[in-house]
Amino acid sequence: MKSVNIGICGLGTVGGGTFNVLRDSAELITARAATQLRVTHVGARHDSSTCDLAGIRVSRDIFEVARDPEVEILVELIGGTTVARELVEAAIIAGKHVVTANKALIAEYGNEIFALAEKHSVQVRYEAAIAGGIPIVKALREGLAANRIEWLAGIINGTGNYILTEMRDRGREFSDALSEAQALGYAEADPAFDVEGTDAAHKLVILASLAFGIPLQFEAVYTEGITELTTQDVGYASELGYIIKHLGIAKQTDEGIELRVHPTLIPDDLLLADVDGVKNAILIEGGAVGPTLYYGAGAGARPTASAVVADVIDLARGVGVGASAPLPALGVAIADLRSLPLIPIEKVKTPWYLRMEVADKPGVLSTVASIFSEQGISIEALIQRAPGEGQTLVSLIVLTNNAPQGSVDIAVRKMEALATINGKVTRIRVEALDG
Ligand code: HSE
């Protein structure tokens, strides 16, 4: 039987998981690939207590794996964008196919890496970079290839979704839930990437490139994290029939492309509203198929390993390998990606949820209403809470109709300048996601 030699660089959470899934499921994988997948070389700074490396060449210098002439597929699982980029480029130049779970690397340097891979007639696969074990790259690049993708919206950071779920359902503190997500191996080495939205932005640009056939443009994504969310807003959203999720959203409109990551109120009867814990889900609106939803574990050793190993199996099977049937990394060749305009965030229109603490005095409501009206923003719903015993401030919650962020920014600045409004006005976008 044919065999393929694999080199794995990095034996952390995902590297260890990949090594063990390849070993534990060897029989099944061999049958499916019609090829024996042999891990012949591991590059790692330390051995792993969970991996039996007996009989396998182990190098402390990971570049030894890229230089090893016997390795045919190099699996990059070290993370980061400096050494990882050098390693991946060295492997490509040496004529090896590459599999990676590194979303930062693909989002920030994918255009260059894919062009290099095309030049050297090798494949770079990255299914595990987005949404853990969900085969979303395959779905977009292959399963939905017949569709013009209108938009997609996804819960694409498992750590953030885990924290929000724990805060909402168990009343846990943000920092407590984050510590547990770290202990479970969900969070990034620097968890700021999770809670400030950078990780979701990395994944969103890759999804958008696959969906719209545009170059990877990480710097163009508007990004807000979850650190400012309060249980108060979660509660008011719920009263209004919404749930707050941290979403990555990409839309193709007549004016151009929207790329944004931010907390979002979504109707609580959507399937996406039920995606809790470390689970991820991506809702995609295709021109022919309509909406489709993809759901599963978004992080963790074995779910991510599932996606890494699927890419390895594809390459071992020869799927898309070779000049006769190349499978372009982003669905079309790098030279054929389209240059579409990006819509600046100030011009992106959505409905809005706004909460402000106002003085319990006559005329305050009409002043607020007139500021909205001056900016052409119409009010869809409004809740005013009676002040508590001995309190002089009331919470005013406003749901608006579609309004551009630029107009909302001006209205919020004017409201925050009023003596009758206390502190900052909280604002969160709303999305109906109704296709
Ligand atoms: N830290 C990432 C997450 C890991 O929580 O989604 C998977 O990409």
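Guide: Helices (DSSP runs of H or I, at least four residues) and strands (DSSP runs of E, at least two residues) are numbered from the N terminus. This is a predicted model, in which local features need pLDDT of at least 70, side-chain atom pairs count only at pLDDT 80 or more, and totals for chains, interfaces and linings use all residues. Residues are numbered from 1 along each chain as its sequence is written, and side-chain values use heavy atoms, with hydrogens and water left out.

Visitor: In which loop is the place of Ser121?

Guide: Ser121 is not a glycine, yet its phi is positive, at about 55 degrees. Its relative accessibility is 56%, so Ser121 counts as exposed (over 50% relative accessible area; buried means under 20%, and partly exposed lies in between, with a 1.4 Å probe and protein chains only). Ser121 is found in the loop between α5 and β6 (124–125).

Visitor: How far apart in space are Ala34 and Arg317, C-alpha to C-alpha?

Guide: Ala34 lies in the loop between α2 (26–33) and β2 (36–43), and its phi, near 50 degrees, is positive in a residue other than glycine. Leaving aside residues up to four places away in sequence, Ala34 touches Met1 and Lys2, where contact means heavy atoms within 4.5 Å. In sequence Ala34 and Arg317 are 283 residues apart, and in space their C-alpha distance is 7.1 Å.

Visitor: Which strands are the edge strands of the open sheet?

Guide: Strands of a sheet pair through backbone hydrogen bonds, either parallel or antiparallel. Here six strands, in the order β3-β2-β1-β4-β5-β6, form an open sheet with parallel pairing. Pairing on one side only (two strands pair if DSSP finds at least two bridges between them) marks the edge strands, β3 (57–59) and β6.

Visitor: What is the bridge partner of Leu74 in β5?

Guide: Strand β4 (residues 73–76) and β5 run parallel and are joined by four bridges. One of the bridge partnerships links Ile73 to His97 of β5. For Leu74, the partner in β5 is Val98.

Visitor: Which residues of β5 point the other way from His97 and Val99?

Guide: In a regular strand the side chains alternate between the two faces of the sheet. In β5 (residues 97–100), the four residues are all buried; His97 and Val99 point one way, and the other way point Val98 and Thr100.

Visitor: At what angle to β5 does helix α12 run?

Guide: Angles run from 0 to 180 degrees between N-to-C directions, and axes are lines fitted to C-alpha atoms, for helices over the stretch in contact. Helix α12 (residues 301–317) lies across β1 (3–9), β2, β4, β5 and β6, and its angle to β5 is about 165 degrees.

Visitor: How many nonpolar residues are in the contact of α4 with α5?

Guide: Helix α4 (residues 83–93) packs on helix α5 (residues 103–119) at about 15 degrees, with the axes 11 Å apart. The helices are therefore roughly parallel (under 35 degrees; over 145 is roughly antiparallel, 65 to 115 roughly perpendicular and the rest oblique). The contact joins Ala84, Arg85, Val88, Glu89, Ile92 and Ile93 of α4 to Leu105, Tyr109, Glu112, Ile113, Leu116 and Ala117 of α5. With three charged and no polar residues (Asp, Glu, Lys and Arg count as charged; Ala, Val, Leu, Ile, Met, Phe, Trp, Tyr, Cys and Pro as nonpolar; the others, Gly among them, as polar), the number of nonpolar residues is nine.

Visitor: Which term describes α7 relative to α8, roughly parallel or oblique?

Guide: The axes of helix α7 (residues 158–170) and helix α8 (residues 174–183) come within 9 Å and cross at roughly 135 degrees. The term for α7 relative to α8 is therefore oblique.
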